[in-house]
Each structure stands twice: as structure tokens, then as C-alpha cells.
Amino acid sequence: MRWGERRIYSSEKESSGAWNSNEVEQWMKENEMGREADLFKREGVDGIVLGLLQPRDLKELGILEMERRNGVIKSIVGLRDQHDNGKEEERPKAKDSTIDENDLICPITGEFMKDPVMAADGHNYERTAITKWLTTKLTSPITNERLKRKTVYPNHRLKAIINSHLENKAQTSSNSS
């Protein structure tokens, strides 16, 4: 098997978003990403975080070789695609009236997030707000439970949804004026 090609992991029958860091590590090792698996394990990357990772996040984590970053991303995308299994239309879209604006607002600032990140508790926050929070606290702002790590990961999908939602909202306002 060439590097970057992936094997099917037995837990893929269930959502990889529910994987803990041990399952992520096992999947990566089974897919010939042993060096990265050790790094991800140290950082506590679980299934939720794995699904949000982008190439620039991998560089920040210390995977400096572009070929290796691309291989990891290719494997993650393959995993996402397998779970999507043609259900693209079921993902919420910003223009969909079912989006709850509260999901787009930082629970710390009470404002729409401009740079949303996911913390170890699985919740999204404005980067500056959660970074400030984590300088003095080791608990989740929402659950008050102790966080496993202080690392936060960009949520590019949520950022795109927020931007689209705000654009649609602005268009609707200008059209009704």
C-alpha cells in the first residue's frame, strides 16, 4: 500500500466523530501514519477534532513535510466521505432556515464568531475569548468540567456557515429596506 492510501478501520461502521484519541491513533497506525498517530495521541486529537483538521492545522501540529500533510488530509477526507455516504444534502446549510443562530454565537462573548475554534470539550468558541479563558482556567466554559488539553482547533466549516448566514441576513435586510 502506498503512503496516503487508506485501509478501512473496523470502527468506521460508527461515526468517526465519536472516536476517542485511542481509536484515532489506532486508525492512523492501521493506515500507515504511525509518526502522525503518536503526535495526534500526545495532543489528544479525538474524532471530532480529526474531522475538523485542515492542512495548515497539521503544520501547526508539527507535520512540516507537505507530502505527509497531504497524505493525512487525503485519508481524513476519505474517512469523511465514507461517513457522508452521499448524505451531503442532510448537512445544514447557512441559507437553510433550520439553522439556529445560537449555534453561531460564542457562548463566552454572546456575539457571532469571526474565528471559531473547537476546544477539548467539543464546543465552539471565538478564538480570542477561549484563549483568554484558558489563560486562567482549565475548565469548560459551558460544562465547567476539566479540559483534557488547552489546544483549540479552527472550525473552518463553522466559519463558512457563519459568513454565509451573515451575508444572507444582510441581503435579506437590504432587500426589505
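Let me begin with the second largest pocket, which has a volume of about 320 Å³, and I should say at once that we are looking at a predicted model. Of the 19 residues that line this pocket, the ones closest to its centre are Gly44, Asp46, Ala120, Lys148 and Arg149. If you ask which elements give two or more residues to that lining, they are H2 and helix H3, residues 47-52. By class, the lining of the second largest pocket is made up of eight charged residues, seven polar ones and four nonpolar ones.

From the pocket I would like to move to H2 itself. This helix spans residues 34-43, and its buried residues are Glu36, Ala37, Leu39 and Phe40. Around the helix axis these residues cover an arc of only 165°, which puts them on the same side of H2. The general background is that an α-helix has 3.6 residues a turn, so residues three or four places apart point the same way. What, then, does the face of H2 turned away from its buried side carry? That face carries the exposed residues Arg35 and Arg42. Just after H2 comes Gly44, which takes a positive phi of about 75°, and you will remember Gly44 as one of the residues closest to the centre of the second largest pocket.

Now to the charged pairs. A search of the whole structure finds six salt bridges, and I will go through some of them. As a reminder, side chains of opposite charge can pair when their charged atoms come close.

One of these involves H2, since Asp38 forms a salt bridge with Lys29, and there the closest N and O atoms are 3.5 Å apart. Asp38 is partly exposed, at a relative accessible area of 35%, and Lys29 is likewise partly exposed, at 42%. There is a third partner to consider, in that Glu25, Lys29 and Asp38 are linked in a network of salt bridges. Is Glu25 buried or exposed? With a relative accessible area of 17%, Glu25 is buried, because the cut-off for that class is under 20%. Glu25 is found in helix H1, residues 21-30, and, leaving aside residues up to four places away in sequence, Glu25 touches Ala37, Asp38 and Lys41. Of those contacts, Ala37 is one of the buried residues of H2.

The next pair is Lys169 with Glu101, a salt bridge whose closest N and O atoms are 3.1 Å apart. Lys169 lies in helix H7, residues 156-176, while Glu101 sits in the loop between helix H5 (66-84) and strand E1 (116-118), so the pair ties together parts that are 68 residues apart in sequence. Both partners are partly exposed, Lys169 with a relative accessible area of 36% and Glu101 with one of 28%.

The last pair I want to show is Asp115 with Arg127, where the closest N and O atoms of the salt bridge are 2.7 Å apart. Asp115 lies in the loop between H5 and E1, and Arg127 in helix H6, residues 127-136, so this pair ties together parts that are twelve residues apart in sequence. Asp115 is partly exposed, with a relative accessible area of 26%, and Arg127 counts as partly exposed too, at 28% relative accessibility.

Technical notes: Residues numbered from 1 in each chain as written. Predicted model: local features only at pLDDT ≥ 70, side-chain atom pairs only at ≥ 80, totals over all residues. Heavy atoms only, no water. Buried < 20%, exposed > 50% of the residue type's maximum accessible area, 1.4 Å probe, protein only. Helix = DSSP H or I, 4+ residues; strand = E, 2+ residues; numbered from the N terminus. Arc of directions from axis to C-beta. Salt bridge = Lys/Arg side-chain N within 4 Å of Asp/Glu carboxyl O. 1 Å grid on protein atoms, 1.4 Å probe; cavity = no way out; pocket = protein on both sides within 12 Å on 5 of 7 lines; lining within 4 Å. Points joined across faces, edges and corners; volume = space filled by probe spheres on them. Nonpolar A, V, L, I, M, F, W, Y, C, P; charged D, E, K, R; others polar. Contact = heavy atoms within 4.5 Å.
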